Amino acid sequence: MTSEDNTIGAMALTELPDRKGFLKPHRIILMAIAAVLVFCAAWFMRWDWLPEYGWRLAQGVGVTLLMLVSTCILGFLFAVPLGLVQVTGPWPLKMLARGFCTVIRGTPLLLQLWLLYYGLGSLFPQFPAIRQSFLWPYLREAWPYGVAALTMSFAAYEGEVMRGAFAGVPAGELEAGRAYGMSRWKVFRRIWLPRAIHRALPTLNGETVLQLKATPLVATITVIDVYAVVSKIRQMTYLTYEPLLLLALIYLCLTAILVVAFRALENKIPTRGA
Amino acid sequence: MAADPASLINWSLLALEPPGWGGVLLAGLMNSIKIAVGGYSLGLILGTGGAFGKLYGGPVLKDLLEVYTTLVRAVPELVLILLLYYAGTDLLNQLMAAIGYGPVDISGLAAGIFVIGIVQGAYSTEVLRGAIKAVPAGQIEAARAFGMSSGQIMRRVTMPAMLPHAIPGLSNLWLISTKDTALLAVVGFSELTLVTRQAAGSTKAYLLFFCAAGALYLALTLVSNVIIRLIEARARRGMAAPA
């Protein structure tokens, strides 16, 4: 799993710059230049649309966060069995889980999203049974397809990570649990799962950041997240750069918050010799 | 999909000649591969420069590269692609106007390669930096003791010694770049995902076309995996099997 960790570490920002020795002489000059750039951006670009759309932007951020949190939790719930059956399951399940991970990881998320939304979305109305079911009001909207696609993607990527994490828990710890007379389920609940999650936490952090970066794709199927709000603003105000720069800033802040939150979580778990 | 009777699937839609859309899909796949290869190569060049700059550059260069990799890794690719696509073409046109030429029409291919290359550059900077750091310092010191110049050290020692460490990360980046090309559909470049959507929209056979495109992407990934395994075996020759 080292290659996977390596890439996720490179792909997703999981470390923030350290504060120690931050203010070196050249940094002060660089920061001054950055401040001038920010000032120029604030002064010479048009930001008068901001108060008008502020509330909608906040709602968009809310939708983005809702998408992120719900799909990460759901995806993780799927990822645990996906990883587990790849380590210990009977071979049909093992093949199935591996096939699912390969297919989802081998195709672009945008394509999966459009397959679900346009493909299934055009298929469902042909079945009267679905049209009359209680699910129909939801299936007519866009967000269930977005949640489904993002959940599957997170489950597949994280399933692979959990496979490595489950396989990496030292066998001696599980044997010790068995020696104490714990049932298989109890060993899983008390030792195997917590240890695996602990091992997977740094990668989980990276995956969550990657998931945040994948959420704007749902805007292409008419879910109104912050990206869609900004696209709307760009159409209404004919501005090219300002809304996009603001959007980049928003995502930058969200990523930083995620990284800090995960760091706090990791620090809460006591580790030996740390 | 199991509920879909086989008679409903109109396979002739995938025919290569014009009433079918197979040829269009394959042309889209070719476009995707072109952008992926171009963007990945540009990213590798940027990444090599970035990694050496981050490790051996001066303090200002190091900080600027840190800002570059941080920004690219913290902002969604979709947003970056939009920003770079508009900003890149805009800047180039202004530059051309400043030199005295009229506005140029930038091909979608060049813009796509540029955008994917900038994004990939940040990631490969990080991958290569990690790989270079994994080269034992003693080997580089030995090369220096032999009196090699820093260019010679890079060519003869650092590059070959870091490759086995870099290849897993770099091959993942290649797979990511093939999938990132799909994002260019949003700016209207006719790569595989966009032509699939057009084909599906005009024939109403959504499931068929999206599954076909998925199969093409999957085939690309699986073929890449085979080639990567060969390259990795060659780069690791003479080394102990990975744990």
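**Confidence, chain A.** I looked up which elements of chain A have the lowest and the highest mean pLDDT. Helix H1 (residues 2-11) of chain A is lowest at 58, and helix H9 (residues 171-179) of chain A is highest at 92. This is a predicted model, and for chain A as a whole I noted a mean pLDDT of 85, with 93% of its residues at 70 or more. Where pLDDT is low, the predicted coordinates should not be read in detail. I therefore leave the details of H1(A), with its mean of 58, alone.

**Contact between the chains.** I looked up how many residues of each chain take part. On the chain B side there are 42 residues, in contact with 36 residues of chain A. Helix H2 (59-74), helix H3 (77-99), helix H4 (108-133), H6, H7 and H8 of chain B each supply at least two residues to the side that touches chain A. H8(B) gives the most, with 10 residues. I also sorted the chain B side by residue class and got 28 nonpolar, 7 polar and 7 charged.

**Helix H8 of chain B.** I next checked the length of this helix, residues 206-235. Its 30 residues should span 44 Å at 1.5 Å a residue, and the end C-alpha atoms are 43 Å apart, so the two agree. As buried residues of H8(B) I listed Tyr206(B), Leu208(B), Phe209(B), Phe210(B), Ala212(B), Ala213(B), Gly214(B), Tyr217(B) and Leu220(B). What do the buried residues of H8(B) pack against? In chain A they meet helix H4 (91-106) and helix H5 (109-123); in chain B they meet helix H1 (22-56), helix H6 (150-180) and helix H7 (192-203).

**Helix H4 of chain A.** I then turned to the other side of that packing. Buried in H4(A) are Ala97(A), Cys101(A), Ile104(A) and Gly106(A). They pack against H3, H5 and helix H8 (143-168) of chain A, and also against H8 of chain B. I ran the length check here too: 16 residues at 1.5 Å each should span 22 Å, and the end C-alpha atoms are 22 Å apart, so H4(A) agrees with expectation.

**H3 and H11 of chain A.** I looked up how these two helices cross. The axes of helix H3 (residues 50-88) and helix H11 (residues 226-237) of chain A come within 7 Å and cross at roughly 150 degrees. H3(A) is therefore roughly antiparallel to H11(A). From H3(A), the contact uses Tyr53(A), Arg56(A), Leu57(A), Gly60(A), Val61(A) and Thr64(A); from H11(A), Val226(A), Ala228(A), Val229(A) and Ile233(A). By class, I entered 7 nonpolar, 2 polar and 1 charged for the contact of H3(A) with H11(A).

Key: Residues are numbered from 1 along each chain as its sequence is written. Chains are lettered from A and ligands numbered from 1 in the order in which they are written. This is a predicted model: local features need pLDDT of at least 70, side-chain atom pairs count only at pLDDT 80 or more; totals for chains, interfaces and linings use all residues. Helices (H or I, at least four residues) and strands (E, at least two) are DSSP runs, numbered from the N terminus. The expected span of a helix is 1.5 Å times one less than its number of residues. A residue is buried if 20 or more other C-beta atoms lie within 10 Å of its own, exposed if 12 or fewer, and partly exposed in between; C-beta atoms are placed from the backbone. Two residues are in contact if their C-beta atoms, placed from the backbone, lie within 7 Å. Axes are lines fitted to C-alpha atoms, for helices over the stretch in contact, and angles run from 0 to 180 degrees between N-to-C directions. Angles under 35 degrees count as roughly parallel, over 145 as roughly antiparallel, 65 to 115 as roughly perpendicular and the rest as oblique. Ala, Val, Leu, Ile, Met, Phe, Trp, Tyr, Cys and Pro count as nonpolar, Asp, Glu, Lys and Arg as charged, and the others, Gly among them, as polar. pLDDT is the predictor's confidence in each residue, from 0 to 100.
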